[in-house]
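Okay, thanks everyone for squeezing in. I'll put the structure up and then talk through a few spots in it.

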Amino acid sequence: MEEAGQLLPKLPLDELLTEVQARIQAVVAARDGVHSLLEAVVSIGRDLDLETVLRRIVEAATELVDCRYGALGVIGDDGQLAQFIPVGLTEDEIARIAEWPHGRGLLGLLIKEPQALRLPEISAHPESYGFPDGHPPMHNFLGVPIRVRDEVFGNLYLTEKNGDRDFDEQDEVIVAGLASAAGIAIENARLYDETRRRETWLDASAEVTQVLLSGSELTDALQLVVSRAKDMASADTAAVVVPVGDVDLMTVLAAAGRDADNLTTLEFSATGTLSGAVLASGEARMVPALRSSAEASPLLDRLPAGPALIVPLGTQERARGVLVLAKRRGASPFVASTMRMLTAFANQAAVVLELADARRESERHGLVDDRERIARDLHDVVVQRLFASAMTLTAAVRLIDRPEVAERVQRTVDDLDATIRQIRSTIFALQSTHDTAPTTLRGRIVTIIESATEQLGFAPALQMNGLVDSGIPEEIGQHLVAVLQEAMSNVVRHARASAVTVTVAVSGGQARVSVVDDGVGIPADGRRSGLANLAERAERLGGSFEIAPRATAGTSLVWQVPVKR
């Protein structure tokens with residue numbers, strides 16, 4: 001005690017007070033750091049959206065250690081950075097950076113050796129890789145890994161501590177504590193995200209199944225598929241890409257999200273593309289970012305340049321196309337659970353598409369059967385009865401003494417004959433298939449009349465007399481179809497008619513087309529280029545063409561050419 005008492009007066013009192021004050025300040029700073037850390041932990045746990053949580057983690061870290069720049073790098077399955085979330089850079093500064101980090105240099109060292117790394121000067125470290133063009137200068141550095149359970153999820157990168165100071169041990173301890181809490185927040189956000197996606201998946205699957213099996217158009221159903229897939233995967237853009245026939249082409253049938261209008265109907269070669277590879281293999285693929293080397297097609301230029309997921313619609317043996325999903329650059333990558341969920345959804349959508357096709361095919365066969373039954377009944381019952389009635393009246397004409405009565409009965413017989421011809425034309429139309437383009441002349445004529453029916457709002461009366469298919473050569477048949485198409489087009493556009501009668505007949509070595517309407521007639525100053533073409537066709541074939549106003553109202557057109565076989 002005596003020795004200590006002798007030494008104490010020799011110590012300068014100012015130095016003692018300075019040391020006590022420094023230690024008190026250190027304790028206060030540590031207390032404030034703990035309080036700030038607790039506030040940061042509470043802050044990052046407030047939200048359950050994964051991307052929001054990740055950004056809040058970086059923002060909290062930069063505030064805790066008082067630095068200018070911070071970032072969080074998410075490690076992908078390939079060991080490189082699949083996502084990079086920067087804080088402290090403006091949009092202009094981000095745009096000037098030539099290339100995002102991929103996990104080389106010091107960032108790669110933290111991936112290979114997940115432990116805290118603190119440096120006073122980045123460039124002095126032997127693993128330093130340098131910065132890309134446009135990157136702001138950075139010197140001191142603090143890196144801390146983030147673990148989710150036993151898995152290294154990513155790393156926190158902090159640099160440029162304010163006031164030209166270096167990161168110290170206390171900064172490292174605080175950020176390490178934040179990283180531990182961040183792992184729990186990330187796991188909670190992941191679980192919430194997966195639960196929400198599964199709920200969306202169940203709702204979307206039920207909705208797609210209901211729509212497809214209720215008879216909706218295929219394009220509407222595919223549009224629903226891409227919209228729901230985009231929501232399920234939190235993607236910015238989604239598209240359904242299908243092969244075009246047997247050629248090496250693919251086309252976008254439906255798209256949703258960012259720039260969707262620029263994607264629809266886009267065609268590109270399947271060779272050397274991710275879409276073509278997934279379609280051929282039948283296996284889904286994830287990529288951390290779309291680059292020209294990964295998807296060498298026009299599709300790449302119109303998709304966001306971030307993480308992408310390509311899922312086949314069906315199996316390798318029966319793949320109907322692929323579902324392409326993409327996120328913006330810097331967004332969180334697709335995870336394995338999302339890929340599994342989207343694969344199951346795509347498979348279910350493909351199965352439902354097959355069922356919808358089978359249902360439509362069954363309905364088509366039922367419609368064909370009904371048409372054939374109606375045609376058979378018309379031929380076997382209605383036509384035969386009308387024909388019998390006409391024969392009876394023809395025989396009765398001879399027994400009538402009064403000429404005016406006999407003439408009226410004969411007109412009735414002629415009307416019955418015309419009705420029989422019209423019914424036979426209807427029978428042929430009912431028996432014609434509408435799945436493919438008609439190959440017979442009768443079929444092509446019926447197709448033209450049906451097309452005009454949709455535009456006129458009523459069905460023109462059609463009569464076909466004689467051996468139309470076998471009695472008219474193919475060359476003349478092509479001219480006849482073109483003439484009828486032009487004539488009906490004129491009626492649709494100019495006649496304003498309420499009734500049209502079309503007659504196609506072969507008799508006496510002549511093929512004849514007649515189109516009669518009750519419309520407004522031919523305007524005196526109207527264009528005649530189409531009519532001149534009809535006259536030229538008739539003249540070239542040695543025939544005639546006449547068009548004239550009717551006595552009552554409307555127009556009568558007659559095109560006639562000799563039939564040479």
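So, where is the place of threonine 237? Threonine 237 sits in strand β6, residues 237–243, with helices (H or I, at least four residues) and strands (E, at least two) being DSSP runs numbered from the N terminus.

Quick housekeeping. This is a predicted model, where local features need pLDDT of at least 70 and side-chain atom pairs count only at pLDDT 80 or more, while totals for chains, interfaces and linings use all residues. Residues are numbered from 1 along each chain as its sequence is written, and side-chain values use heavy atoms, with hydrogens and water left out.

On confidence: pLDDT is the predictor's own per-residue score, from 0 to 100. The chain averages 76, with 75% of residues at 70 or more. By element, helix α1 (residues 2–7) has the lowest mean, 50, and β16 the highest, 93. Where pLDDT is low, don't read the predicted coordinates in detail.

Back to threonine 237: buried or exposed? Buried, at a relative accessible area of 0%; buried means under 20%, exposed over 50%, partly exposed in between, using a 1.4 Å probe and protein chains only. A polar atom of its side chain lies 3.0 Å from the backbone oxygen of arginine 258. Threonine 237 also touches, among others, Leu263, Leu303 and Val324, contact being heavy atoms within 4.5 Å.

Last stop, the largest nonpolar core, meaning buried Ala, Val, Leu, Ile, Met, Phe, Trp, Tyr and Cys joined through side-chain atoms within 4.5 Å. The core has 37 residues, and Val515 and Trp559 are among those touching the most other members. Its largest share, 9 residues, comes from α14.

Definitions and conventions. Polar contact = N/O pair within 3.5 Å; in protein donor to acceptor, adjacent residues only side chain to side chain. Lists of a residue's contacts leave out its neighbours within four places in sequence.
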